[in-house]
Structure formats: C-alpha cells, structure tokens
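Student: I would like to learn how to read a structure one feature at a time. Where do we begin?

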Amino acid sequence: MSNKFWMTVEQAKNPEEFAKTIPGEFTSTPVREGHENEGLERRDFMKIMGASALMASLAGCTRRPIQKIVPYVTNPEEIIPGQPNFYASADPLTGYGLLIKTREGRPIKVDGNTDHPMNKGSLHARAQAMIHDLYDPDRLRAPKVGGADTEWAEFDKQVKAALAASKGATWILTGTVLSPTLQRVIDKSGYRHVMLDSISMDDVLDGQAQSYGSRVFPRYRFDRADCIVSIDADFLGNWGSTAEYTKQFADKRRLSGNKMSMSKLIAFESAFQVTGQNSDERHAIHPNDQLFVALGLAHEVARLAGRSTEELSAFAPAAITQRTGISADVFTATAKELVKNRGRSLVVASARGANGAALQNVVNFMNSALDNEGETVDGAAYPSHQYQGSFKEFEKLLTAIRSGGVKTLIIQGVNPAYLFAESSGVKETLQKVPNLIYSGFYADETAALAKFVAAESHSFEAWGDVNPQRDIYSIVQPTILPLWKTKSLLEMLVGWNTAEGKESEGGYGAVVETWKGLHAKHGGGHAFQDWWDDTLMGGLLNGSSSSARDAKASARGFQNEGMRTAIAAAKSAVRAGAGELALVLVPSVAMGDGFQSNNALLQELPDPISKNTWGNYLAVAPETAQKNNWNDGDIVTVSTANAKAELPLYRQPGLHPGVLVSYVGYGRKFNGRIGNNVGASFANFTASSTMGIQPTLVVNGVSLSKTGKNEPLPCTQGHHTLEGRDIIFETTLDEYRKKPSSGVVHHFEGDKPPSIWSGFEYKGYKWGMAIDLSSCTGCSACVVACSVENNVPAVGKDQVQKGREMHWLRIDRYYVGDVADPEVVFQPMLCQHCDNAPCETVCPVLATTHSDDGLNQMTYNRCVGTKYCANNCPYKVRRFNWFNNNGDMNGSLEHPIPLSKNPEVTLRSRGVMEKCTFCVQRIETGKSEAKMQGRRAGEEIRTACQDACPADAIVFGDVNNPESRVAKLKKENPRGFASLEEMNAAPSITYLSKVRNRPSVAGQKSEGHESPASEHHES
Amino acid sequence: MSTTNGVHLEREILVTGGKTYAEVTDDICRPLESMPTKSWFIAFAIALLLLTIGLSAWAWTIWNGLGVWGLTNTNAWGSDIINFVFWIGIGHAGTLISAVLYLFRQDWRTGINRAAEAMTIFAVICALMYPLGHTGRPWLAAYWLLPYPNNMGPLWVNFRSPLLWDVFAVSTYFTISAVFWFIGLIPDLASVRDRAVHPIRRAIY
C-alpha cells in the first residue's frame, strides 16, 4: 500500500535506484544571501575583517527604532483601534463578491462574500493575492505625459484637449467591462468601444453565436452535472469562472453520510491542468486532435442518443482512433456515460489553436443532443458577462488605426503590447495613434507606447460596480483613499466628459446614477438611500429569486450550420508531423495572463502539479525526455522559425509524448522589480497564419536544443520527501459504496496504541481540522490566503531553489499509477498540532509548547533557533527564518509594504522558527467575543485557509463540541485517517481519503509503477 | 630500557640528561620568564590569522543570518554539528590522557597532562562555540539554554529536550576539566610565583 504513491519520475520508474539517492540530499553549497555571482567582495571582506570583533559584541543588541504613537485627535467614525472593519465589495475582473477586512483604515485581507450566489465565499489564488497588488511600491504613483510625471489637473487638461480635437475618432480598448456604470459612461461618451480578453474566450463566444445565435458566455452549472467531459477546458484552474465552478463541482461530489454519489469527470487534455488532475478518467491528447476527439465523441453521442450520424460518419471512433491513437472504446464508453446522464451531463471545451468556433459547435451539438442545453448550460436565462472580448473587433480597431481613423485611443485593462507577437504589427499600429492614452498599474509594455499614461487606482481605492451575470449586481466600494495620485478609469472618463466649468460628479456620482436606474427596477419600494445603504453593506443586488436561478433555463435551438463548418474544418485540420513537437501554451494558476506578475506571493506560489515557482518552464513527457536525453533543470532553447525562448525543462508525467507545455503570463518587461524578466514570454510564438491577429495557443513544429546549462528548478516538492510512508489513502466510488473505509489502513486498534498514560484531558476547547482529500482540487487559494493572513513572506527564487520557502501551508502532490498516465492526489499539509507533538519535547528553551485547547504554539520571542523542532517534525511543516525576511538590517520594509501586514500576527525576525498556528489570532478573537456574549465559541471561528477554499475541503472547529462539523467529520467518517498514524504523534488534523468515480481496475492502477505504459497514447 | 624477558620491568627514565629539579624548574618556567622566540611569533601569527578568518566567518553569519550556510528546511543542521562532535572528540583525547592514564597510574603522563588538559578545555570551548553559532539567535542562545533564575514567571528550560542535556553535559565536562586542570596547576603556579621578581607578576600567580 505504502509504495503505490510516488512523487518524482525516478521514484516511479526505479524505486531502488531512487532510494539510493535519498541519503545524499544536499541541495546546494553554502553561498551568501543574494545572487550567486555577487560573491564576497574585497571591500566587504576588509570591512568584516576590521569590524569583526566589534560586530561580534554588537550583535547582541537589537536595534529598535523609536516610534511615537499618536492617538486620533478626532476619532474616525466606525474605526475602533484594534478592531477590524469589514466592507463588502466586488472584484472588477471576475465580478465575484468580496469581503474586505480593514484595520485602522487599511485593507489587509480579502475573502469571498459568502452571500454572493456565484463564488459563495470562495476566491481563487490570484484574487486572494490582490491585497499585495494594492501595496505594491512599483505601482505608478502619478500620471505621466510623454514619460514625465505630472499633476492630474495638467494631465486632464491635455487629455481633454486631445479628446476635443478627435471627436468621432476616439476609440476605447478595454478588457471585459463588468461595470454597468463604466459601460454607461463609455456609451454616453460616444467613443467606439472594443473589448479584448487577455485569456481569450472567443472560441466559446463565437461558437455560441454560430450554434444558438447569441454571442454569450453561458452560465455552466457543474452542480447539476453528473457526468462532465472536458476537452482542454480547465474549469477548475483557469477557464471561465473557476471559483464558482470549483464550488459547484466540489458540492456535487462531496460524500457524506447517506450521500454516496458523485459526478464523474472525464478529461481529454493536451496539457496536465487542474481539471485533469481532478478527473476520474484522463486521456492525454495531442492539441491538434481536439476537434477530432470532439467529433468522435459527437458521433457516439449522436448514435447512442438515437440521432442521425450520417453527417458524422467520417468520424466513427475507429477513424478517430487511427488519427488520435485513443482507443475507440474510450469514445463509446464516454458517450454511454453522457447519454446515461442525459440532461444531467455537460461537455465543455477550450480551443487551443485554429478552428476554435468549430470545436465549440461540436460541443454545443453534444450538449443540445444530450438535452443539457438549459439544464447545465444556461445561455438564455442568466448568462455570464465575464467574457465579452472579441479579436474581430480588435482587428477592426487596428484597421481603423492603419487607415488613420483613430485620433485618440484609450487603453485600459488589457496589455496588447505584451499579448501579441512582434510580427503581428500591433505595437507599430498602436504607435500610429496620435494620442494614445493608457491607464494601468505599472509602466508596462503598452505604457511604453503611450503618450499619456494614467496611474490607475486599485479597485480597493475607487468606486465602481459589477454585473457578472444577468441580474447579479455588486457595488465596488473603496476601502482606502488612493495611496498615490491615481484615478480609476471611471473617474477619468467622467471627468473628461464633464463640461468645462462644471464640477465632475466623480466615480461615486456616476455609480449612484446607474444604481438609481437599478433602484427603479429592483428597489422594491424602499427609499433609494435605504436601499443603497443596504445593498452597499450586503454587497449584493440579486435581481432574481434563487429558485428562478436554480430552475431549468429555456433551451435554445441548435443551428446545424456551425456543425457543418466544423466538419469541413476537421477535414482540412493540421496534423502533427511524425516526431514533431507541438508547444501548448496555457495560463498558470499562479500567473494567469501575467497581469499580477509583480506579486511575489503569486510568483512564489507553487504550481499545483509541478510545484515549480518563479517562472515558467517547459514541461515534456518523461518518455520524450528520455528519448532525447533531457533532464529536469536543463536550460533549453525552444524555437520556431521566427521566435526563440530559453527556459528550463521539466519532465511532467501524464503528457502526450508529442507536446511541450508551458505557461503564458511570464517574461514581462516592465518596471516591476519582482516580475520583470521572470520566466520567458511566448508572445512571439503565438503568431499564426491561420488565425489572424489572435494568438494561437498551440505552436506546431517547434524545435528544442540544449544549451548545456542546468540549474535546479525552484521547486517546493522533492526536498520534502516523505519516504513512501502511509501519508495518504485513496479508493474508488464502487469500493467506497461497498465499504466506506476501503483503502484506509489503520495501524492501531481503536485510535491509539496502548499507553500507560491516559493522555492530557482537554476540558474546554479542543481545536481540530478535517481535510477532505476528495474535495481538494489543488487550486492553491489556501496557500495564498494563509500567506496574506499570517504575513508569510516570499523569499525569492534562489531561496526556493535551496528549499527555504516559508509557506505555512503547502499542498503536497502525489502521483498514483503509471508514469504515462498518472492520477493525482493532493494533500494540504500544514502543522498538524499533534497531541504528542515531537517538536515540543525537543525544544531546549520551551519556545514551542502545547496549549490546553490543543494548539501547538510557537513563541517567537523565546525561540533561539536551534532548529531541533524542525528536524523532529515528521510532517516537515516548520519553517525557519534563514534571513531577515521582513526588511533589511534596520528592520524596515519599503513603504507601503508594511501597510499590507496583518497587525494581529507578529512579523518574525531572523533566526526564529515559525509554522501554522491554526490562525490563533482568529481563534482568540472568536473566543473573547464568545466569552463577552456568554456562550461557547463555535463555527464562526474559521481559519484563513478554510475561508479561502473554494471546494470547502477544509473544516476547522472545536472537536470537544459534538455538534460541530469538524467533530462529526472526525467521529463518524470512515474515510478519516491521521497522516503517518504509525508515528503516534496524534495529529489534530484528520484527512478523509480520496475517492475516485471510476471502476476499480484490479492490479492496474492501484499497483502503480508496475503496469506497462498505456497503449492509448502511442501516436 | 625495559627488558622483554627479564624478571622485572624497569621504568623508562622520564628526564634524561641528568638534570636537577632546579634545572627542570628553570626549563619549565623559562617560556614564562623570557620573551617568546621568533618561531613562536610565526606560529602565533598563523594562529591569529586562522582566528581572524574564523571570527570573520562568524561575524558574516551573524550579520547576514544563518542562511549564508547551505542549510535548508529539511537539512536544518549542518557541518557545525559535525564540528561539535569532532571537537568533543578532541577533548576526550585530553581527558583520556589526563584521567584514564591517571587511573592506570602511568606516571609518564605528568609530562604532558597539563597540555592535555588544556587541550581538553579549549577543545570543549571550541565544541560549544559551534552549536552556539548554529542557532538562529546565538546572542540569546548563549544564556537562554541555562536554567537561570529570572523574573519572567516560572520560565524554565525544557528538561525533556536532549539538546538541553547536551548543554549540561558539555558544561559539566568543561567545569570538571577546568577544575582538574587547575588543581594540577597549583604547584606549578606556586613555583612560578615564588620565582617571580616583579610584584605584579607575583600577585597574579
């Protein structure tokens, strides 16, 4: 049992050889802090020589700068020092409801608004990290004209003049605008509006337009789907409305008590994405075969659903097998599953290259044939507004510029100079615009082209609103005054369109005006001010009842023309040459489109599957790597005829042997000190002859050569070897139904081994946690949330390479099965707060002790840094401050970074150990509140990771309260187990085993690396 | 010369050259009563250089943080722990000479036991320095590991920690060795004092 999970390719292929490598695990040689080429300079050495004796004696003194604390002269309304204030707001990018926690007037934490019907309290990793964007010192601090800082008055004057001179020739290019107010202001201004999404959904939108006549992004309802088929659509990672989908998906699959059913997810993937990592069945495909896989599936669906297959006859599974190498049985079995769940199934796809709309047409055909239209795909009643961009419109803009029809162009929310290939001519075209106005956060790629660069406010600093789905509205309210001289686009546009001499109504005025319109419709007879106050406070205007939203939407009629185009397109589709490599480009969970690349927390967020940080890498199937003698960390040059990039190689199990996979969003060139030049940009690879201006996400015929260099990957797993012990367990749904505890191995009779000590009795509270490995998707939102809540620093690439990352919570990834086609189990690993904590007995100074409510406490003040506790921790969750991670020797961080810190959590100094505290600050706040109210604290105490988890995999609470969710999960759940139970550390965290909805295949998957490579993947 | 097949074993003569006790005392006290030689200065300079390098390395570590060593979260203890064991080993060699040979009544040890015990003491000091330098905050570790009375409430050290017992063991070892050395030194110090001409020297000894 214990040897079936594996973490690296070596371990899976040759466990004996791998075992030999384990003792020699020194990861690096001692070098000084900073970059390796700096070394010890002569002058530094002389200084040290001279001062060594003096410094040795001085080192005993810690310098504490004198600070004067001044009380409020006039106490601001609603602010009580030491008490957080919460404000409901919304994320302008996704439209999700937010709850922003502020302390003394500064936002310090953002979470989802639990009342919001879309994200229901959850947020993805990038939104969790937003707080650090707000306090980024590299942000633009003032508007610029011609590259020089200026004042807003002057800037506005010049822009107004430019606008006045270009009446009728002013265009505005934005990302998807979710704000009805901004949309109204743009419409009123008379500018020609073009929207462009940097992560394009054009394939879905165009496909919808062709199949159903409306260019909408449907509301997908994974909570209603019992069978989901995804063709490259990473709906749990980066595709569509991920936090919303993850929540729905996890709720549908959660097993508890009598609920013994879960949905089945079948993924066909050309990259190994979060969706595939959580699928019950996954088939690695070549990106050029997407359309064929869809058509093969459509053929079987049509046949089994009793529809005519005449037009699809060329795509019978046998023919598809010939092209894709995927067994015909796969299509038949998948289609059977879909048809069996008619009306309760869902097919989604995301196109990589050309024929995107064709692929979506086939998908829409299947959803209509399966009666899913209206049931799981809502394109009519409450469609999403989250993606509205169009490359065709953007091309029109470029044509207009080239013909001189654009005098002034305002760009916001999209970075075309970074997005498009040099050869596309986008940059040159934009430079032709006489008055290019760019509103952004940084002096970035597009800002470099603009005459006017407007410093943009963060959404936490300005008024706005969002309308992410029909009838769902939220107000974006500022929680802090702008830190610098910045304005939101809304404020700018309102100002520029205010007649001379009149005072601008500002962003607030514009929002109120829009909402007066909404009040007329949804006000329900309340006075506007009351209604506004309530909506502002609650953070949500839901214009329709929840029963209406939950009901079946009307099914739109499928138009067959699109399908015919798709069939025609398939006949002429590109085919990968023999032995040729195709480069697949996908957005990563951490970086997305690259907009947040100056965010150190995100740069250091380990990728869910590879656990690599700080930059993109080239993933290749181990099989292909072996054939070419490529190894992890080899720096390679990947090139096509007109593009070249240099980046490290990484062997990723589970990839199609004919593909290379890498992430977009890296290789930025802008003024961000953190994100500049991290990783490689693939923009130049994406130019395609068939797709016009639209970047293609699959690049055929790339060649790869080794540079001869090799550097360790900044990877966070690999030096966390847990030596194949009983850390996790898994089972299948069939086995689970027969015996819910199947797969779980217990080492002791009852809970504990025999002991002569009865153990400590926890009389009051006893905090504990339950983590459902079946629900955890590895999305990593918890990792970011934990870092923000607990002031966990990012340490940088060189430190991660040495294995010194500081994450209190990490997600361990284990593979099961064969290298060519592995399954994945994620395990969030944090301090287990063991009742018999091995760390506590060895600390010589009692810096880590146990509280009487079951917490393993860490007293930073007392810690002298022997690191004995970390050595003795079987879970390897303790983190040591090797350097001063919170500033330089004077202990100060650059302004305004200190404002982002949570004042309730100590900044740890150099030389002390730290680790997860179960968010002790939240526990103590909750306890004292409960005490004041004369009750026992309960479910209202939630840890940061629990708040963040979109899948609700993490449940925290008081184990001593039998009514608490965590106590129930721990006591009654047969899937529960303690990781490394045999150590008898008695952890406070119970894991629930992973259950997969697929038939158990005896001796194949469960026996791991012994099985031969699957025959499906030999194309 | 001892005989291998004789009736009795004869002790080797410890002091050759037919020296009187007075001459032996002169020989022993000479380094203390005269200027050091040129070769001593060369050796001292080399030692001082090594010390400076060592102190610079220490200062560098303390100034920047323990991260300048190649330690990681999983390999949290490095070569300084090996050095600790190494120097304890060196110290044990001194103890072996001074204590074990004493128990076996090997009188020839008297010629080297001062040096051996001195070696023990300095080896133990070296040994203590390494784990101290290996802590994250040596300026606090230097005394927080000792159970001293304090005004922070009932704040004690963790008697369950093996590391604490290392501290006790090594400090006990140091104390005993120092006492042992000093007791042996008393007659020597007395003769140096008696021979001292300068009153300050006399007072010191």
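Tutor: We begin in a loop: A:Pro896 lies between β33 (879-880) and β34 (913-914) of chain A. Keep in mind throughout that this is a predicted model.

Student: What is the form of the peptide bond from A:His895 to A:Pro896, cis or trans?

Tutor: The bond that joins A:His895 to A:Pro896 is cis, and its omega is near 5°.

Student: Next, backbone angles. Which sign does phi have at A:Asp471?

Tutor: Phi is positive there, at about 75°, although A:Asp471 is not a glycine. The residue belongs to the loop between β18 (464-469) and β19 (472-476) of chain A.

Student: Is A:Asp471 buried or exposed?

Tutor: The cut-off for buried is under 20% relative accessible area. A:Asp471 has 15%, so it counts as buried.

Student: What is phi at A:Trp614, and where in chain A is that residue found?

Tutor: A:Trp614 is again a residue other than glycine with a positive phi, in this case near 45°. Its loop runs between α23 (600-603) and β22 (618-620) of chain A. With a relative accessibility of 12%, A:Trp614 is counted as buried.

Student: Now a residue in a helix. Where is A:Asp206, and what is it in contact with?

Tutor: A:Asp206 sits in helix α8 of chain A, which covers residues 202-212. When neighbours within four places in sequence are left aside, its contacts are A:Arg215, A:Ala357 and A:Lys392. Its relative accessibility is 15%, so A:Asp206 is buried.

Student: Let us turn to cysteines. How many disulfides are found over all chains?

Tutor: First the general idea: a disulfide is a covalent bond between the sulfur atoms of two cysteines. The search of the whole structure finds 0 of them.

Student: Why does A:Cys782 have no such bond?

Tutor: The closest cysteine sulfur belongs to A:Cys779 and is 6.3 Å from that of A:Cys782, which is too far for a bond. For a disulfide the two sulfur atoms must be within 2.5 Å. A:Cys782 is also buried, at 8% relative accessibility.

Student: And which cysteine sulfur is nearest to that of A:Cys839?

Tutor: That of A:Cys831, 6.3 Å away, and A:Cys839 is in no disulfide. A:Cys839 counts as buried too, with a relative accessibility of 6%.

Student: Let us move to chain B. How many helices and strands are there in it?

Tutor: Chain B has 7 helices and 0 strands. Along the sequence the pattern reads α-α-α-α-α-α-α.

Student: Why is chain B said to be more spread out than a compact globule?

Tutor: Compare its radius of gyration with the globule rule. The rule gives 17 Å for 205 residues, and chain B has 22 Å, well over that value, so it is more spread out than a compact globule. Taken along the principal axes, its C-alpha atoms fill a box of roughly 65 × 45 × 35 Å.

Student: What share of the residues of chain B count as buried, and what makes up its surface?

Tutor: Of its 205 residues, 29% are counted as buried. The accessible surface of chain B is about 13300 Å², and carbon and sulfur atoms hold 72% of that.

Student: Which sequence separations do the contacts of chain B join?

Tutor: Take the contacts between residues at least 6 apart in sequence: 60% of these join residues at least 24 apart.

Student: Last, the charges. How far apart are their mean positions in chain B?

Tutor: Chain B has 13 positive and 12 negative charges, and the mean positions of the two sets are 7 Å apart.

Technical notes. Residues are numbered from 1 along each chain as its sequence is written. Chains are lettered from A and ligands numbered from 1 in the order in which they are written. This is a predicted model: local features need pLDDT of at least 70, side-chain atom pairs count only at pLDDT 80 or more; totals for chains, interfaces and linings use all residues. Side-chain values use heavy atoms; hydrogens and water are left out. Helices (H or I, at least four residues) and strands (E, at least two) are DSSP runs, numbered from the N terminus. The radius of gyration is taken over C-alpha atoms; the globule rule is 2.2 Å times the number of residues to the power 0.38. Buried means under 20% relative accessible area, exposed over 50%, partly exposed in between (1.4 Å probe, protein chains only). Contact means heavy atoms within 4.5 Å. Accessible areas come from the Shrake-Rupley method with a 1.4 Å probe; for residues, only the protein chains shown count as cover. Lys and Arg count as positive and Asp and Glu as negative; His and the chain ends are not counted. The place of a charge is taken as NZ of Lys, CZ of Arg, CG of Asp or CD of Glu.
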